[in-house]
Amino acid sequence: MRSLARCSPTSTDVDEETAMSDHRKLGRELGLFDTDPLIGAGLPYWLPDGATVRHTLEEYIRAAERRAGYRHVYSPVLGKRELYELSGHWEHYSDDMFPPMDLGAEQVVLRPSLCPHHAAIYRSRGHSYRELPLRMAELGGMYRSELSGVLGGLTRVRAIQLNDAHVFCTLDQVADEASAALEMIRRAYEALGITPARYRLSLPGPGGKYVAAPEMWRRSTALLTDVLDRSGLPYEAVEGEAAFYGPKIDVQVADGAGRESTLSTVQVDFHQPERFDLHYIGPDGARHRPVMVHRSIIGSVERAVAHLIERHGGAFPGWLAPTQLVVLPVSEAELGRAEELVRRCEELGLRAELAGPDRGTLGARIRAARLVPYQAVLGPREAADGRVALRLRDGRRLDPRPVDEALARIDALVKSHSPDLWNAA
Ligand SMILES: [Zn+2]
């Protein structure tokens with residue numbers, strides 16, 4: 001039932017305790033995030049290193065969306081109760097929503113998804129078929145009234161930052177938009193070093209609070225089945241995992257213990273365009289109903305980062321690491337050169353840190369920086385001739401090379417979001 005209403009991550013497994021404790025433990029050790037009982041359960045805060053990872057991930061997604069023709073919007077995290085009555089959330093999903101707040105004669109609620117706001121934004125202007133597909137994206141907050149018993153870490157939270165988008169398009173455009181979303185997901189997973197556990201065609205099942213419209217379900221299921229068949233990806237159809245308004249393609253990932261959860265999703269929705277009376281003017285001059293494709297590349301930022309922490313044991317891909325390069329002067333004599341190297345990194349936009357002899361022996365400093373992708377050792381010889389000896393996190397040790405060349409190579413790998421720390425170029 002948890003997966004019913006959102007174009008957002010879902011969990012198929014209630015027992016997430018072990019997985020949570022893993023990323024919780026690492027998250028605390030690495031200073032990424034934490035919680036405070038006074039702030040409340042399920043309401044983690046992000047420490048500077050965690051915030052850096054999150055910000056970098058969000059910027060990657062926004063840039064990928066801009067390149068794919070999405071335009072970003074901002075919309076408020078609250079809405080009037082009537083908005084969710086119209087969208088169907090109130091009828092089908094209120095168990096997972098926070099109780100409404102009385103505000104004068106009105107009631108407002110924390111939103112359980114971004115779709116109704118985006119439908120309202122679409123509706124606020126007239127649209128021609130020439131504008132379609134109209135791709136609207138937002139990394140926005142949404143809220144879920146999880147019971148306190150299942151809260152912890154970043155996998156079950158009450159405040160969620162969702163990577164969301166809605167494509168308003170014609171029926172003929174749905175398959176291409178859904179395929180393009182799958183391709184964006186594939187590329188993001190490659191950059192992030194994530195391997196999907198499986199692709200799932202999530203269908204309605206007995207007992208769920210689904211919208212009753214058999215013809216609509218038949219058409220949208222046929223569309224998504226066709227998209228999956230043409231993609232060549234192996235997938236399984238699973239009943240009982242659909243959104244209340246339509247079927248979805250879910251990209252499942254597994255934690256170390258094999259427990260699955262949903263990160264990414266692509267959904268076809270005929271229901272909300274109907275409810276919001278959305279339309280566009282076709283080439284025939286008449287009003288037509290668009291279809292809504294809901295899609296999320298990484299799902300909730302919280303769950304994505306939790307998965308990345310566990311998947312990489314805190315050793316994030318170079319472009320995502322909170323500290324990308326640590327500068328290690330062998331002795332006090334190389335401190336000046338080391339500070340200069342840190343400044344050069346900062347000018348390039350690389351996140352560098354100086355770990356000088358005051359922090360212990362070279363060996364101890366290298367061990368302390370074991371999760372940092374690049375370790376730049378500066379001995380007397382390197383300092384004298386403007387070179388640097390790089391050690392990579394995976395154990396590779398590169399011959400000393402000119403600082404300019406080393407930084408240019410790292411910068412190129414980071415800017416291209418490469419999952420590799422070095423290449424033969
Ligand atoms: Zn949506």
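At what angle do H10 and H13 pack, and how far apart are their axes? This tour of a predicted model works towards that pair of helices, beginning with the domains.

Start by colouring the two parts given by the domain assignment of the protein, domain 1 (17-312) and domain 2 (325-415); their C-alpha centres lie 40 Å apart.

Next, select residues 335-348, which form helix H10. With 14 residues at 1.5 Å a residue, H10 should span 20 Å, and the distance between its end C-alpha atoms is 20 Å, which agrees. Just beyond the helix comes Gly349, a residue with a positive phi, near 90°.

Now show the side chains of Ala338, Leu341 and Cys345, the buried residues of H10. Because they cover an arc of only 60° around the axis, they sit on the same side of H10. An α-helix has 3.6 residues a turn, so residues three or four places apart point the same way. Turn to the other side of H10, and you will find Gly336, Arg343, Glu346 and Glu347, which are exposed.

To see what the buried residues of H10 pack against, add strand E16 (325-329), strand E17 (352-354), strand E18 (374-378), strand E19 (387-392) and helix H13 (403-415).

Finally, keep H10 and H13 in view: they pack at an angle of about 35°, with their axes 11 Å apart, and their crossing is right-handed. The residues to select for this contact are Leu341, Arg344, Cys345 and Leu348 on H10, together with Val403, Leu407 and Asp411 on H13. Leu341 and Cys345, which take part in this contact, are also among the buried residues of H10.

Key: Residues numbered from 1 in each chain as written. Predicted model: local features only at pLDDT ≥ 70, side-chain atom pairs only at ≥ 80, totals over all residues. Helix = DSSP H or I, 4+ residues; strand = E, 2+ residues; numbered from the N terminus. Expected span 1.5 Å × (residues − 1). Buried ≥ 20, exposed ≤ 12 C-beta atoms within 10 Å, placed from the backbone. Arc of directions from axis to C-beta. Contact = placed C-beta atoms within 7 Å. Domains from an automatic or database assignment. Axes fitted to C-alpha atoms, helices over the stretch in contact; angles between N-to-C directions. Left-handed = near helix turned anticlockwise from the far one by under 90°.
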